[in-house]
Each structure stands twice: as C-alpha cells, then as structure tokens.
Amino acid sequence: MASTPPIDLPSHATGAGAFDTPALDEGSALFEYLLRLGDDSLILGQRLGEWCGHAPSVEVDLSLANMALDLIGQATHFLDHAGKVEGKGRDGDALAFHRDVLDYRNCLLVEQPNGDFARTMARQFLFSTWQKLLFRHLLGSTDELIAGVAEKAVKEVTYHQELASEWVIRLGDGTDESRRRIGDGLAWNWRFVPELFEMDDLAAAMAGRGIGADLAAFRADYDARIGAVLAEATLEPPADQRPILGGRRGHHSEHLGHILCTLQFLPRTYPDAKW
Amino acid sequence: MVAAARLEETAPIWAVLAEVADPEIPVISVVELGIVRSVEPDRVVITPTYTGCPATRVIERDVRAALDAAGYRHVRIETALSPAWTTDWISAEGRRKLHAYGIAPPATQAVRCPQCGSADTEEISRFGSTPCKALWRCRACREPFDLFKCH
C-alpha cells in the first residue's frame, strides 16, 4: 500500500495570538470559516474555468467547465451566507470581487497554476477527495446553510472525485509520457496537502461548536483513498516535502494575485456593469 | 375543512407553476421537474437542482413573472437547499416528456436510446451540455444523446 501525503505539521505553524491569528468573537469566527469554505470553491472554480476552450477534447472541456460551475455555485452559497453573518451589507459578489489577496482564506492547493492537464487532474484528485470527505462531515453541521450546501454538493463532488481519480489512473497506467506527467503533477501539488488538514485555533473552535468539521477525523480515510487510487495507477506516492501553510490566514503564493486580476477586473473596472 | 379550503387556495397556484417551463429543457415544467417543494397560500418553496445551476435564477424569475401575471403578487418565493433535490422527484409525465424530447430520463438500470429505444448504449462523457446531463451514445443507431444524470 502506498504511503500518503505528509501531514504532520510543525507545532509552531499555528501559534495563537499572532497578528494573523487574532482572537475572534463567535460571529467573526463563523464569517472566517465560511470564507475558507467559499474561497476554496471560488478559486478552484476560477482555475478550472481557465481551461475553457483549451482542454484536450471537447468532452474534457465540458467536464472541467461543469466542475467549475459546481464549485462556483458552492462559493456563491457560502459567500452570500458569510456576508449575512458579517452583517455589513456585503453579499457573495462583494466578497468575491472586492477583497484583495490578504483577505482571501482559500488553501494554497487550489490557487496553484493549472500546468498541463495532468497537473490539473492531480490537483483535482487531491482536492476533491478531501472536499467530499469534508462535506460528508459537514452534513451534520449545526449551521443550516453549511449542512444544506454540503447535502447538495456532496453528490456533485462525488463526480469530481471519480473523474479526477479515473484520470490519475488512466495517465499513471498509460504511456511513458502520461505517466511522467501525472507523476510530476502529483509531486508539484503534494506539499500543499498538509494544509488541508491543518487544525488551527479557528478550525478547532468551529469543530467544537458543531459548525465545522474535525479534519483529523477523516485523515486516515483520505490517506487510504489516495493510496488506493495511486496503487491502481501503478504510481509511487511522491517523496514527502516540507508542508507549506498560510492560506487560511491570508498568506498566499504570488499566483492568487494573478487569479484575482482576471476574476475581479470587470466588476472593478465597470462597477455598475449588469449581466 | 381547513385542508379543503387550503387546497382551494393552493390548487390554482400549482396550476400556474405547472405552466412554467424549465429554461434548459422547455418541454417539462418546473412542477414535473420536481423542484417545487411546497405551495402555500402565501409562499412557494423551490429547490435548486444543482448547486451551480445557472438556470436557478432564471427559474426564480420565470416563476415570479408567472405568479405576478396570474394575480399572485403577494405569494413569495423561498429557496430551500435541504432536503436536496434528487432526480427521483421528476414525475412520470416529466420522464415521458424527456424521453420524447430526446433526453434519456435518469435510469438506475439500462439506459435506453431515446431515438431507437435500444439498450445497447455507452457513456461518452460523464459531463454533458448542462450540469444535469451526461453524454451518451447508442451502439445500435450510432446517435449520441443526452442522459439526465441520476442524482
């Protein structure tokens, strides 16, 4: 059985009381948590949208665009709800189009560049496997909106996970070139997996209140699923790398700014533009 | 008595909704699609088919316009995410209309070609022209067709 992504985090990584981890009241904590959920979906949806018209075949093009649509739908629900919780009159659009890099709370994995098709599928495989397990746990959230979106989206994300897993297997157990490319793609994205399971103070508080998920609860399940697909793909898991963290607190790679340039250009340049 | 009076009030609203077509598949109504979850004298509850379905907003707008036009301006529209919509809620009549329109209705067993009726069919792509459909092909008549995904 293949080994699985490294997820032992350095203990100093999630220090409390630092400038980027302020103590939050209950409303602000829920707002922040909803941004994490919504921003993951929004940024990955935007990334997948970049493939539109460029995928290897029209069927794949449709698959990627459909997954993007599902993810942006999730983001709309989470961010609209975040705006209501915040109570400052912002809706999902305001949060998507009028926040800057430092205010985004997505994990670093979703903002990674598409690279080639294999790298995109590697990213999708690592993310959707996680998101499906996350949403399963959020079915029991005491927040009605979070539980409702999870109930709806878990069926959609099952498709994402299956599609990505099938591609990992097909590419891994394919030609020399496809095998090399999916191996490279997994190696590129591997170091961003530990962040998916990071339980910082906010995540722990939200899990404690019954709103958020205890990420540690499905880590073993995640490892097993990733390992099973890699084994079927005849791929060795990439070598462990130093985990990279920070997205949940607004510390992003340079890539996010470039995504936001495209994502936010129109509503910022033409503020009253109507669809 | 109360139930009868209530039915008298809600039946005409159901009738209005039965005329509102799904924007993506105009041969079936929103009622046949199963997204109208409840009708009360002062509110209609609808549920989206898919989280990111762009038709959701159009449906809400179309329902609003139909209600207004029929004199039900006071009836408000609410959206409920839970329980999540499932293709099991598509009515028998809705399934028949989908098939006649060239879209294979959601199937748990053999998928039948809506053109020639053959069950000798295969999946081309799990994702199709809209979030609710997959792309299939008939091996018998060679025609590609949409399958309403079982969801």
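Two residues are in contact if their C-beta atoms, placed from the backbone, lie within 7 Å. The exercises below use that rule. This is a predicted model, in which local features need pLDDT of at least 70, side-chain atom pairs count only at pLDDT 80 or more, and totals for chains, interfaces and linings use all residues. Residues are numbered from 1 along each chain as its sequence is written, while chains are lettered from A and ligands numbered from 1 in the order in which they are written.

**Exercise 1. Find what share of the contacts in chain B with a separation of 6 or more comes from residues 24 or more positions apart.**

Step 1. Take the contacts in chain B with a separation of 6 or more.
Step 2. Pick out the pairs 24 or more positions apart; they account for 53%.
Step 3. Add the overall dimensions. The C-alpha trace of chain B spans about 55 × 30 × 25 Å along its principal axes.
Step 4. Add burial. A residue is buried if 20 or more other C-beta atoms lie within 10 Å of its own, exposed if 12 or fewer, and partly exposed in between. Of the 151 residues of chain B, 38% count as buried.

**Exercise 2. State how far the confidence scores support chain B.**

Step 1. Know the scale: pLDDT is the predictor's confidence in each residue, from 0 to 100.
Step 2. Read the chain. Its mean pLDDT is 91, and 99% of the residues of chain B reach 70 or more.
Step 3. Read the elements. Helices (H or I, at least four residues) and strands (E, at least two) are DSSP runs, numbered from the N terminus. Among the elements of chain B, helix H1 (residues 2–17) has the lowest mean pLDDT, 86. Strand S2 (residues 43–46) has the highest, 96.
Step 4. Read the whole model: ipTM is 0.81 and pTM is 0.89.

**Exercise 3. Lay out the strands of chain B and say how they pair.**

Step 1. List the elements. Chain B has 4 helices and 7 strands. From the N terminus on they run α-α-β-β-α-β-α-β-β-β-β.
Step 2. Apply the pairing rule: two strands pair if DSSP finds at least two bridges between them.
Step 3. Start with strand S1 (residues 36–40) of chain B, which pairs with S2(B) in the antiparallel sense over 4 bridges. The two form a hairpin with 2 residues between them. In this pair, B:Ser38 stands opposite B:Val45.
Step 4. Go on to the open sheet of 4 strands in chain B. Its order is S4-S7-S6-S5, with mixed pairing. The edge strands are S4 (103–104) and S5 (121–125) of chain B, each pairing on one side only.
Step 5. Check one pair. S4(B) and S7(B) run in the parallel sense over 2 bridges. B:Ile103 stands opposite B:Asp146 in S7(B).

**Exercise 4. Describe where chain B touches chain A.**

Step 1. Count the residues: 15 of chain B are in contact with 21 of chain A.
Step 2. Sort the chain B side into 8 nonpolar, 6 polar and 1 charged. Here Ala, Val, Leu, Ile, Met, Phe, Trp, Tyr, Cys and Pro count as nonpolar, Asp, Glu, Lys and Arg as charged, and the others, Gly among them, as polar.

**Exercise 5. Which backbone features stand out at B:Pro83, A:Thr234 and B:Arg142?**

Step 1. Recall the background. Most residues other than glycine have a negative phi, and most peptide bonds are trans.
Step 2. Look at B:Pro83. A cis peptide bond joins B:Ser82 to B:Pro83, with omega about 0 degrees. B:Pro83 is in the loop between strand S3 (76–79) and helix H4 (92–101) of chain B.
Step 3. Look at A:Thr234. Its phi is near 55 degrees, a positive value. The residue lies in the loop between helix H10 (219–232) and helix H11 (254–269) of chain A. A:Thr234 is exposed because 11 other C-beta atoms lie within 10 Å.
Step 4. Look at B:Arg142. Its phi is near 70 degrees, also positive. B:Arg142 sits in the loop between strand S6 (133–138) and strand S7 (144–148) of chain B. With 10 C-beta neighbours inside 10 Å, B:Arg142 counts as exposed.

**Exercise 6. Explain why A:Ala203 counts as buried.**

Step 1. Place it: A:Ala203 is in helix H9 (residues 201–208) of chain A.
Step 2. Count. A:Ala203 is buried because 22 other C-beta atoms lie within 10 Å.
Step 3. Leave aside neighbours within four places in sequence. A:Ala203 is then in contact with A:Glu198, A:Gly212 and A:Leu215.
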